[in-house]
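I opened my notebook with a simple plan: look at how the chains meet, then at how the strands are paired. Here is the model I had on screen.

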Amino acid sequence: MNPVITHLFSNKLKSTLRLYATNYNADQSLNTSGKSIYDDKLNHQFLRAENQTDYYLNDKVCFNAGVGMVQEGVKSNRYELNSTRRTNNIAYVFAQTEIKPIEKLTIIAGFRYDNNQLFAAAFSPKIAAMLKANDHLKFNASIGRGFKAPDFRQLYLNFTNTAAGGYSVFGALEAQKQIEFLQSIGQISSIESDYYRLKELHPEYATGINLGLQYNPNAAVQFDFSLFRNDVENLIDTRLVAYHKSGAQIFSYLNLKNAYTQGIETQLNVKITPQIAVAAGYQYLLTADKDQIKEIKAGKIYTIDASGFARLMRLDEYIGLPNRSKHMANFKFTYENENYFTNLRVLFRSKWAVSDKDGNGLYNTNDAFANAFAQINFAAGKQFSKQFRAQVGCDNIGNYVDIANLPNLAGRTFYTTLTYQFNQKKK
Amino acid sequence: MKKNQILIAMAMVVSSFYACTEDNTATVDTTNNGTFKVYTVGNITSVQNLIADTIVGMSAQGQPVGTGHFTFFSLRTGAIVPNTDSATNNWDVAFRGTTILTNAGTSGPGAGGAYVHVGLFADVNAFNADSTVRTDAAPVYAIKTGSNKGWYVYDGANNLITPIPGRVLMIQAANGAKYKLEINNYYKGGVTPLTSATDAIKLSTQRYYNFRYSAL
């Protein structure tokens, strides 16, 4: 349900009332022969009421402001009791002003204030500026602070996947209680150091700075370039906290303090002919946990030498956060005319850290990495008539597989699809 | 290939060491061929592949188990002490799986004990006055067991034990003599299996202690 009421008080003042309500029910049951039953029930209700008022002062200045409320409730057997409904209420206000001091410059400043029932209130300001140097070149800059509250899953989840080895994931508010209980009945084999770091989960706060330019010398070429830096406080991360007696892992969520990501992003789109287009993108990314950098600088972090004995670790050996590649690139070639199309896509990812091989608790050059890889996908198709369309393709032409680190990447896959569309009513 | 290069490099370090010291006669073979070996170069004694109750089967719960016996070792003589001497002052440290005992408290009649020092082996040359030498009080030991608590970290996802770099075991022998000890590997041949290795390999090659120690 999503009713909207708009009222124009004058041609300078407009007020909009939006209501949004959903109710989602899911029941999934998977019965594998000879194995445990996988059963999953979920009911999710979401209500939102929001009023936004826009005021156009003149050509150069406009304001908008609003208030809203969100009420959310979840019931699931993945949470402790399926009968208990977990709820959260959020009330918020926001305001924004858009100013055009000169024709070429637009400045947007605004804030949002969220009063979250489960967490402390959060204030999120943002300011952005866009300068249109000429018809071909635009610059933009923005700085803003945002937050991400832990979701229900991160707080209340109580899930044991009996169908996949019996690992468990507990929400941060459940983990200690559940693990203490399991320990009291002798079902815990060992407790990890991260267990002792479990506490009330706080929202993640991020301050982001973005500087960018967009250059389009003509209609066929567009080049985007941006520098970004995000400082995240209380980053929420999944951590291994204990082991079941069976050896299966127990995970929960922790605020991993003070990480940052920064880098460069570029994208080039060229339309060579009306039918042929090429797109290429590249991202350079650096990540780090600031607390770990402090510890390295303080000389408290060791790694191993060739014989396996300890030596001090240097800062230049530090990798940062796991599962992130320093270099990522993509390339896409498309040819398309009225009844035929083909495209070739190449995705590249440089190596990324996967496990702490030297045992020092952080990721550095002495650890285990997943190899860099490139994936090439090809597809071609033909439109035979208005209704009938055929497509053939091959994903992962190079047949790159890495089951341990990329379990979702299938080997070389050929496919054909035939689509027949029944006559549609003409509008 | 890489391993051989490392071993050659180690051998070179050792031979250059010999060039300027005269306290040993024959050249020591430092290669780690997977068998138990003890050798001393200068004031550092290295121990390779000290077998610490290797896995013999699976428990009813499917957990790998050994025979339950400790391997006793004398830091003073650099030799394994027979199990029949477990109630004597002849041994200083004992190993079973990831558990390490010192000769005192619930473990033995000696004046032993230990604490874990965070730092480099080369940099620590005395017991720290501020650190308490603890004695074993089973099931709590002077050298704490458990991942990330004492000398090792257990990677449950890959089922591997890794010594934490920068942990030096400060050990008081049964006679009260003081030693420092650093473990560099827990697997046969001094090489941790790859994370992708089979469980069978990970189970059959673990519980082989490789370490070095010096009297203080």
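My notes below go from the contact between the chains to the strands.

**Ground rules.** This is a predicted model, where local features need pLDDT of at least 70, side-chain atom pairs count only at pLDDT 80 or more, and totals for chains, interfaces and linings use all residues. Residues are numbered from 1 along each chain as its sequence is written, with chains lettered from A and ligands numbered from 1 in the order in which they are written.

**Entry 1, the contact.** How many residues does each chain bring to the contact? I found 25 residues from chain B and 23 residues from chain A. I took two residues to be in contact if their C-beta atoms, placed from the backbone, lie within 7 Å.

Next I looked up which elements of chain B give two or more residues to the side that touches chain A: they are α1 (2-20), β10 (152-155), β11 (160-163) and β13 (178-187). Helices (H or I, at least four residues) and strands (E, at least two) are DSSP runs, numbered from the N terminus.

By class, this side of chain B holds 9 nonpolar, 14 polar and 2 charged residues. For the classes, Ala, Val, Leu, Ile, Met, Phe, Trp, Tyr, Cys and Pro count as nonpolar, Asp, Glu, Lys and Arg as charged, and the others, Gly among them, as polar.

**Entry 2, a sheet in chain B.** I followed β13(B) into an open sheet of 6 strands, ordered β1-β2-β14-β13-β12-β9, with antiparallel pairing. Two strands pair if DSSP finds at least two bridges between them.

Why do β1 (37-41) and β9 (113-118) of chain B have one side without a neighbour in the sheet? They stand at the edges and each has a single partner strand, so one side is left free of a neighbour there.

Between β12 (residues 167-172) of chain B and β13(B) I noted 4 bridges, and Gln172(B) has Lys178(B) in β13(B) as its bridge partner.

**Entry 3, strands in chain A.** I then turned to β24 (residues 373-383) of chain A, which pairs antiparallel with β25 (residues 388-395) of chain A over 6 bridges. The two form a hairpin with 4 residues between them, and Lys382(A) stands opposite Ala390(A) in β25(A).

On to the next pairing: β25(A) also runs antiparallel to β26 (residues 413-420) of chain A, over 8 bridges. Here Arg389(A) faces Thr419(A) in β26(A) as its opposite residue.
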